[in-house]
Amino acid sequence: MITKLKDFRIGFDNAYYGTGRRKESIARVWLLRNTDKMIVKAKDSGKEFLLKDYVQRSSLFNKILYPLKLTGLEGKFGIYATVEGGGISGQAEAIMYGIAKALLKYNPDLRPTLKKAGLLKRDAREKERKKYGLMKARKGYRWSKR
């Protein structure tokens with residue numbers, strides 16, 4: 001059974017918060033001290049999932065846990081995240097950035113390690129908008145003289 005946010009008892013003494021963004025996705029992440037559960041709540045569906053079941057791919061799961069592995073804190077924290085917007089890949093990276101920010105609140109001395117790995121700089125690449133007269137952002141219709 002998946003535990004709810006209220007069962008975690010998030011407070012100032014046992015939780016660290018960070019917000020992560022990537023593409024159209026936004027993730028609000030809490031690192032919790034007294035648990036090892038990893039739960040994601042999808043705002044679109046309103047359901048809660050285990051993190052591994054939500055991202056489905058092991059490559060994305062490893063990417064999410066990268067800040068914890070990098071700092072040697074893997075298994076020390078539980079993760080509760082709410083995600084909205086974008087797709088699974090963007091949401092996974094948003095969670096990763098949120099974890100990195102939450103780790104800074106836990107221990108500011110981790111900043112050089114996280115910064116060197118590029119986890120404190122938001123990946124700002126967005127989808128380019130479609131222009132009129134074109135099929136997509138840059139793809140045009142095929143031109144023929146006759």
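This is a short talk on the sheet, the main helix contacts, the cores and one ring cluster of a predicted model.

Hi everyone, a little housekeeping before we look around. The model is predicted, so local features need pLDDT of at least 70 and side-chain atom pairs count only at pLDDT 80 or more, while totals for chains, interfaces and linings use all residues. Residues are numbered from 1 along each chain as its sequence is written, and side-chain values use heavy atoms, with hydrogens and water left out.

Let's start with the sheet. Helices (H or I, at least four residues) and strands (E, at least two) are DSSP runs, numbered from the N terminus. Two strands pair if DSSP finds at least two bridges between them. What order do the five strands take? They form an open sheet, β1-β2-β5-β3-β4, with mixed pairing. At the edges stand β1 and β4 (48–50), each with a single partner strand, so one side of each has no neighbour in the sheet. From one strand to the next, the twist averages 20°.

Now the pairings themselves. β1 and β2 run antiparallel and are joined by eight bridges; here Gly20 stands opposite Ala27 in β2. Helix α4 (residues 88–106) packs on this sheet, touching β1, β2, β3 (38–42) and β5 (78–84). Its direction makes about 145° with that of β1, where axes are lines fitted to C-alpha atoms, for helices over the stretch in contact, and angles run from 0 to 180 degrees between N-to-C directions. Contact, by the way, means heavy atoms within 4.5 Å.

Moving along to β5, seven bridges join β2 to β5, and these two run antiparallel. β3 and β5, in turn, run parallel, with five bridges. One residue of β5 is handy for finding your way: Thr82 is the bridge partner of Arg28, and Thr82 also has Lys41 opposite. Is β5 mostly covered or mostly open? Mostly covered: six of its seven residues are buried, and buried means under 20% relative accessible area, exposed over 50%, partly exposed in between (1.4 Å probe, protein chains only).

The turn from β1 (15–22) to β2 (25–32) is worth a stop, as Lys23 lies in that loop. Lys23 has 44% relative accessibility, so Lys23 counts as partly exposed. Leaving out residues up to four places away in sequence, Lys23 touches Arg122, Arg125 and Glu126. The C-alpha atoms of Lys23 and Glu126 are separated by 5.1 Å, although the two residues are 103 residues apart along the chain.

Back to α4, with a sanity check on geometry. The expected span of a helix is 1.5 Å times one less than its number of residues. For the 19 residues of α4 that should be 27 Å, and the end C-alpha atoms are 27 Å apart, which agrees. Of those 19 residues, 14 are buried. One residue to pick out in α4 is Gln91, which is buried because its relative accessible area is 3%. Not counting residues up to four places away in sequence, the contacts of Gln91 include Ser25, Asp44, Tyr54 and Val83.

Next, the nonpolar cores, meaning sets of buried Ala, Val, Leu, Ile, Met, Phe, Trp, Tyr and Cys residues joined through side-chain atoms within 4.5 Å. The largest has 32 residues, and those touching the most other members are Leu31, Ile64, Leu68, Ile79, Ile95, Ile99 and Leu103. Which element gives the largest share? That is α4, with 10 residues. Ile95, setting aside neighbours within four places in sequence, is in contact with residues including Val29, Val40, Ile64 and Ala81. There is also a second, separate core of five residues, among them Ala15, Trp30, Leu32 and Ile39.

Last stop, the rings. Rings of Phe, Tyr and Trp (its six-membered ring) pair if their centres lie within 6.5 Å; planes under 30 degrees apart count as stacked, over 60 as edge-to-face and the rest as tilted. This rule gives six aromatic pairs. Tyr16 and Phe77 are edge-to-face, 6.2 Å centre to centre with 85° between the planes. Tyr16 is in strand β1 and Phe77 in the loop between α3 and β5, 61 residues apart. Phe77 is buried at 2% relative accessible area. The rings of Phe77 and Tyr106 have centres 4.9 Å apart and planes at 85°, so this pair is edge-to-face. Tyr106, in helix α4, is 29 residues from Phe77. Ring pairs thus link Tyr16, Phe77 and Tyr106 into a cluster.

Thanks for listening!
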